[in-house]
Amino acid sequence: MSERVEASVAEGENTIEERHIGAMWELEQKLDQSMDEEANKLKIMYREKGLSMWMLLRLSFQSLGIVYGDLGTSPLYVFYNTFPDGIKDSEDVIGALSLIIYSLLLIPLIKYVFIVCKANDNGQGGTLAIYSLLCRHAKVKLIPNQQRSDEDLTTYSRTLVAEGSFAAKTKKWLESKESRKRALLFVVLLGTCMMIGDGILTPAISVLSATGGIKVSSPKMSSDIVVVMSIVILVGLFSMQHYGTDKVGWLFAPIVFIWFLFIGATGIYNIFKHDTRVLKAFSPTYVYLYFKRRGRDGWISLGGILLSITGTEALYADIAYFPLLAIQLAFTFFVFPCLLLSYCGQAAYLVNHKDHYDDAFYASIPRSVYWPMFVVATGAAIVGSQAAVSGTYSIIKQAVSHGCFPRVKIVHTSKKFVGQIYCPDINWMLMLGCIAVTASFKNQSQIGNAYGTAVVLVMLVTTLLMVLTMLLVWRCHWILVLIFAFLSLVVELSYFSAVLLKVNQGGWVPLIIAAISLLVMSVWQYATVKKYEFEMHSKVSMSWILGLGPSLGLVRVPGVGLVYTELASGVPHIFSHFITNLPAIHSVVVFVCVKYLPVYTVPEEERFLVKRIGPKKFRMFRCVARYGYKDLHRKDDGFENKLLTNLSSFIRIETMMEPALTSSTYSSAFSVNYTQESRDELLRNNSNHNNNNNNNNMDIFSSMVDYTVSTLDTIVPADSPRNATSFSQNNTVEEEEEEEDELEFLKTCKESGVVHIMGNTVVKARNGSWLPKRIAIDYVYAFLDKICRENSVILHVPHETLLNVGHVFYI
């Protein structure tokens with residue numbers, strides 16, 4: 001009988017020991033788990049407020065000054081660039097008009113306003129907005145910082161694809177290889193770079209074309225004077241940008257409204273005065289006859305026809321500023337009819353005055369309204385430039401949030417509309433580029449060739465991204481996707497083949513701009529990914545840190561230490577590097593991860609996720625601050641105060657909702673004997689860690705396991721029978737008091753001082769790297785990193801509370 005009892009006791013002890021070991025491994029997993037529970041607690045219903053009809057009409061009017069200025073000024077220069085060598089046959093004018101009509105119908109109206117603009121990310125347009133949608137529906141993001149908790153955001157909208165469907169196969173194909181993800185990002189960045197080029201070329205050609213009209217009244221005026229006038233206007237335009245899109249929009253909207261009324265009325269006047277036969281251009285037959293009659297010259301002239309739809313991509317990028325319905329109403333019922341009337345009027349004039357091909361717009365204006373039209377045209381050209389500039393701001397902001405562009409200053413300019421921003425650095429770079437292009441070319445023809453190249457390349461990129469969006473996001477039938485892709489590519493590839501023939505006549509300009517921009521963005525994105533991978537591989541095991549005891553083997557000084565990291569789990573390398581060299585840390589430690597998600601915004605109520613690390617007496621927390629690509633770090637936001645307020649709220653809720661036994665489980669599990677030998681071992685591990693990150697991560701984890709097992713005799717699970725009574729008697733009161741005092745303790749530490757600990761990583765190319773890589777990393781990236789804004793500046797961290805931890809990373 002006694003043998004049975006002994007065997008039973010022995011079996012029970014083995015079971016307890018196995019439970020001890022299993023509990024430690026479970027704790028290791030729990031320490032670095034994602035914040036799914038915290039995200040679920042914060043999830044709220046977030047809806048955009050509906051717009052009244054009055055507000056909708058108001059925004060439709062204001063959109064004229066921001067969205068349609070570029071598209072509306074195209075009549076200034078289309079016919080001149082279509083017939084740069086003169087008009088030989090009147091039927092050619094009607095054929096060109098027919099091409100313009102169907103280009104406006106197919107591309108801006110049908111494709112963009114009613115199809116592409118619906119592929120927006122909660123109102124955000126542009127190539128990077130589509131890329132964000134794709135990143136949510138497929139794992140194509142190159143920075144692997146996605147977590148399950150991110151999907152619980154109310155703005156993280158996505159649709160699930162059915163297994164075995166064509167969309168599921170496409171998704172699997174995209175995710176299967178890293179090269180395909182890189183190819184997708186390259187296409188997105190190419191479109192972004194072309195939009196930047198658009199922001200330079202649009203003001204140049206619009207303003208130069210408008211001011212060139214003065215030569216109709218004064219033929220003897222020198223072209224240099226026109227160029228100087230254009231440059232003065234451009235300087236004034238870019239100098240006004242800091243007032244904000246909202247104010248500039250209200251200033252420009254009346255000008256564009258009058259402009260469209262003028263060109264529409266002038267078009268009607270010219271049609272009935274000169275030749276009503278131009279209305280037969282609405283028949284597509286004349287498109288065929290045009291190419292049949294002109295042959296190769298007709299095909300080359302497509303580069304000029306293309307300019308009639310310039311500004312369409314700016315329209316898509318600028319939808320962030322206004323509701324989609326307001327943009328659709330403005331274009332369908334006002335902009336589109338006025339443009340058609342203007343082109344028909346010019347064509348009617350040119351049929352009878354073929355020698356005025358180079359100044360068709362101003363020559364067709366009645367003499368009695370010439371000067372009013374000149375003033376309005378100049379104002380409209382400035383507005384047209386505003387559309388491209390505003391679109392460039394939006395797309396740069398998105399690129400910065402995606403880690404694809406150096407950190408530049410971004411200013412929020414409107415209290416009513418969140419999407420209205422201003423980028424000072426980009427603004428002055430665009431101004432210098434516009435002045436250089438205007439002063440170098442001095443004529444509309446070559447700038448028009450450059451402009452057409454940039455526009456058609458952005459359109460091709462958008463078409464490719466729309467195909468993936470229709471498959472993965474909208475889940476359209478593959479036949480509909482094929483029809484859309486076929487019709488779009490037939491038109492756009494035709495234009496592209498035409499502009500390729502004019503590369504040597506100015507078309508090289510956007511290619512140079514795109515090449516420089518693409519180099520900057522590619523190098524920055526590559527280094528950003530490598531820095532994140534370095535953080536991932538060099539992080540330290542949380543169990544090892546907590547196994548050192550409440551003081552972490554360090555001197556805990558009064559205050560709050562905010563340790564910034566790109567990781568949402570694990571101990572960052574800068575923390576281990578810091579405590580290795582300076583064995584002291586603050587009484588409260590918060591690991592802060594500022595994370596950008598592929599969503600347009602994160603509601604304030606869901607921005608911060610907070611969790612505790614280890615037992616309460618460690619005073620360690622993790623906070624993930626989540627931002628969308630539209631969100632801004634404004635100076636008046638008080639990032640530090642909001643973070644600490646959310647931390648206090650977390651402690652208060654935890655105290656009310658969670659039983660003391662839960663936190664005590666962690667506390668008893670980590671009641672280990674800390675020795676100086678353990679401290680020395682941590683220092684050795686951290687020192688060796690700098691030389692061999694991957695191997696030492698395993699060494700640290702193995703050391704942690706060995707150390708934990710060796711102290712199992714001191715670890716007693718909270719649910720152990722021999723511990724239950726003593727725990728309830730001795731620790732419950734102490735834990736309750738600790739909970740009551742924790743908020744006061746946090747307040748005291750905050751008053752003692754808050755220190756922001758940030759990593760200052762220097763990235764260098766590894767020895768033996770090939771020459772292009774060394775140039776890109778050691779010179780291009782080093783230069784960009786030196787001139788761009790630091791994270792501490794973006795987060796508005798006071799300089800006196802900043803502590804940089806420097807280390808070098810070789811790639």
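**A sheet, its cover and its rings**

Start with one pair of residues: Lys595 has Arg626, in strand β6, as its bridge partner. Keep in mind that this is a predicted model. The bridge links two strands, β4 (residues 584-596) and β6 (residues 620-627). These strands pair in the parallel sense, over eight bridges. Another partnership with β6 joins Val592 to Cys623.

Now look at the other neighbour of β4. Strands β3 and β4 also run parallel, and nine bridges join them. Thr565 takes part here, with Cys593 in β4 as its bridge partner. How much of β4 is buried? Twelve of its 13 residues are, which leaves the strand mostly covered.

Step back to see the whole sheet. Six strands make it up, in the order β5-β6-β4-β3-β7-β8. The sheet is open, and its pairing is mixed. Which strands form the edges? They are β5 (608-612) and β8 (802-810), each of which pairs on one side only. The sheet also has a turn from strand to strand: neighbours sit at 25 degrees to each other on average, with direction ignored.

A helix lies across part of this sheet. Helix α25 (residues 573-581) crosses β3 (555-565), β4, β7 (754-764) and β8. Its direction makes an angle of about 110 degrees with β8.

The sheet is one part of a long chain. The chain has 811 residues, and 57% of them count as buried. It holds 33 helices and eight strands. Its accessible surface comes to about 34,200 Å², and carbon and sulfur atoms account for 60% of that. Contacts also reach across the sequence. Take those between residues at least 6 apart: 86% of them join residues at least 24 apart.

Next, follow the aromatic rings. Two rings count as a pair if their centres lie within 6.5 Å. By this rule there are 23 aromatic pairs. Phe260 and Phe334 make one of them, with 5.8 Å between ring centres and 70 degrees between planes, an edge-to-face arrangement. What does this pair tie together? Phe260 belongs to helix α12 (residues 245-274) and Phe334 to helix α17 (residues 324-352), so the pair links parts 74 residues apart in sequence. Are these two rings buried or exposed? A residue is buried when its relative accessible area is under 20%. Phe260 is at 0%, so Phe260 counts as buried. Phe334 has 18%, so Phe334 is buried as well.

A second pair leads back to the sheet. The ring centres of Phe534 and Phe809 are 4.4 Å apart, and their planes meet at 25 degrees, so this pair is stacked. Phe534 lies in helix α23 (residues 508-538), while Phe809 lies in strand β8, so the pair connects parts 275 residues apart in sequence. Phe534 is buried, with a relative accessible area of 8%. Phe809 counts as buried too, at 9%.

Rings can also gather in a group. One aromatic cluster consists of Trp259, Phe361, Tyr362, Tyr370, Trp371 and Phe374. A ring can face a charge as well. The charged end of Arg619 sits over the ring of Phe745, 4.5 Å from the ring's centre.

Finally, retrace the route. In the sheet, β4 has β6 and β3 as its neighbours in the strand order. Helix α25 lies across β4 and other strands. At the edge strand β8, Phe809 stacks with Phe534.

Note on methods
Residues are numbered from 1 along each chain as its sequence is written. This is a predicted model: local features need pLDDT of at least 70, side-chain atom pairs count only at pLDDT 80 or more; totals for chains, interfaces and linings use all residues. Side-chain values use heavy atoms; hydrogens and water are left out. Two strands pair if DSSP finds at least two bridges between them. Helices (H or I, at least four residues) and strands (E, at least two) are DSSP runs, numbered from the N terminus. Axes are lines fitted to C-alpha atoms, for helices over the stretch in contact, and angles run from 0 to 180 degrees between N-to-C directions. Contact means heavy atoms within 4.5 Å. Buried means under 20% relative accessible area, exposed over 50%, partly exposed in between (1.4 Å probe, protein chains only). Accessible areas come from the Shrake-Rupley method with a 1.4 Å probe; for residues, only the protein chains shown count as cover. Rings of Phe, Tyr and Trp (its six-membered ring) pair if their centres lie within 6.5 Å; planes under 30 degrees apart count as stacked, over 60 as edge-to-face and the rest as tilted. A charge sits over a ring if NZ of Lys or CZ of Arg is within 6 Å of the ring centre and within 35 degrees of the ring normal.
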